[in-house]
Amino acid sequence: MVCTDPLVALHALLGCVHADGTKVSAAILEEKDMAKLKKLTISELKPGMLLLTTDEGRKREKGAACMSPLFKEDGTFDQNRACDAVLLRKADDGLHVCYIELKSDSPSGYEGQFVSTYCFMRYLKALSENLCGCPLNIVRERYVVFHTDSS
């Protein structure tokens, strides 16, 4: 089966789709730990937009969180880290990707999360093209850190 819509292909491949702009106009990202920044509302979602909760999606019932069960669980490299969310928007020129991280006070330690999620998106690109027959043409990428003000 060949797919012509990259967002349809991503829906078919992923279990971490948190919100689809064809069904909802807003979504809430929540931190469940002791973070000061507890929630962020993403509003004005529209058709052609998907919000992925990559950090939540990698959590398992048993064992450490991981991007793939094929990866080692140790922390030698950042292969199992993920940013909190990825917002995808279909545009005329291709797919726009926004990597989102929520941090409290003085943000740090997010670089590895962004790099690992960037690599994961390249993996999805290959899966979509080779398994679904649908190219993911990523033309724009942005990295955003939302954080509280320590003062």
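**Salt bridges, cores and pockets in the predicted model**

Lysine 125 and glutamate 129 sit 4 residues apart in helix α3 (residues 111–131), so about one helical turn separates them. In this predicted model, their side chains meet in a salt bridge, with an N to O distance of 3.0 Å or less by the computed figure of 2.9 Å. Neither end of the pair is fully out in the open or tucked away: lysine 125 is partly exposed, at 24% relative accessible area, and glutamate 129 is partly exposed too, at 32%. Side chains of opposite charge can pair when their charged atoms come close. The model holds 9 salt bridges in total.

Another of these joins distant stretches of the chain. Lysine 90 and aspartate 5 pair through their side chains, with 3.0 Å between N and O. Lysine 90 belongs to strand β5 (residues 85–91), while aspartate 5 is in the segment before α1 (6–13), so this bridge ties together parts that lie 85 residues apart in sequence. As for accessibility, lysine 90 is partly exposed at 36%, and aspartate 5 also counts as partly exposed, at 23%.

A further salt bridge links glutamate 44 with lysine 46, and here the closest N and O atoms are 3.7 Å apart. Lysine 46 is partly exposed, with a relative accessible area of 43%, whereas glutamate 44 counts as exposed, at 58%. Glutamate 44 is found in the loop between β3 (39–43) and β4. Its backbone is worth a look as well: phi of glutamate 44 is near 60°, a positive value in a residue other than glycine.

Turning to the interior, the largest nonpolar core is made up of 21 residues. Leu10, Leu14, Val86, Leu88, Tyr99 and Leu124 are the members with the most contacts inside this core. Two or more residues each come from α1, β4, β5, β6 (94–103) and α3. Helix α3 gives the largest share, 5 residues. One of the core members, tyrosine 99, has a long list of partners once residues up to four places away in sequence are set aside. Among them are Cys83, Ala85, Val86, Phe114, Thr117, Tyr118 and Met121, along with the charged-group carriers Arg122, Glu141 and Arg142. Tyr143 and Val144 are touched by tyrosine 99 too. A second core, separate from the largest one, has 14 residues, including Ala19, Leu51, Ala85 and Leu102.

Threonine 53 offers a view of a loop position that is not on the outside. The residue lies between β4 (49–52) and α2 (54–57), and with a relative accessibility of 12% threonine 53 counts as buried, because the cut-off for that class is under 20%. Beyond its neighbours within four places in sequence, threonine 53 is in contact with Cys16, His18, Leu29, Asp84 and Ala85.

Next come the pockets. Rolling a probe the size of a water molecule over the atoms shows where empty space is left. The largest pocket has a volume of about 350 Å³. Its lining counts 19 residues, and Glu30, Glu31, Asp55, Glu56 and Asp84 are the closest to its centre. The elements β2 (26–30), α2 and β6 each give two or more residues to this lining. Sorted by class, the lining of the largest pocket has 10 charged, 5 nonpolar and 4 polar residues.

The second largest pocket takes in about 240 Å³ of space. Of the 14 residues that line this pocket, Leu14, Cys16, Gly57, Met67 and Phe120 lie nearest its centre. Helices α2 and α3 are the elements that give two or more residues to the lining of the second largest pocket, and α3 makes the largest contribution, with 4 residues. By class, this lining divides into 9 nonpolar, 3 polar and 2 charged residues.

Some names turn up in more than one place. Leu14 is among the residues with the most contacts in the largest core and also lies near the centre of the second largest pocket, as one of the five named there. Asp84 is a contact of threonine 53 and one of the residues closest to the centre of the largest pocket. Cys16 is likewise in contact with threonine 53, and belongs with the residues nearest the centre of the second largest pocket. Ala85 touches threonine 53, is a partner of tyrosine 99 and is included in the second core.

Definitions and conventions
Residues numbered from 1 in each chain as written. Predicted model: local features only at pLDDT ≥ 70, side-chain atom pairs only at ≥ 80, totals over all residues. Heavy atoms only, no water. Buried < 20%, exposed > 50% of the residue type's maximum accessible area, 1.4 Å probe, protein only. Contact = heavy atoms within 4.5 Å. Salt bridge = Lys/Arg side-chain N within 4 Å of Asp/Glu carboxyl O. Core = buried A, V, L, I, M, F, W, Y, C linked by side-chain atoms within 4.5 Å. 1 Å grid on protein atoms, 1.4 Å probe; cavity = no way out; pocket = protein on both sides within 12 Å on 5 of 7 lines; lining within 4 Å. Points joined across faces, edges and corners; volume = space filled by probe spheres on them. Nonpolar A, V, L, I, M, F, W, Y, C, P; charged D, E, K, R; others polar.
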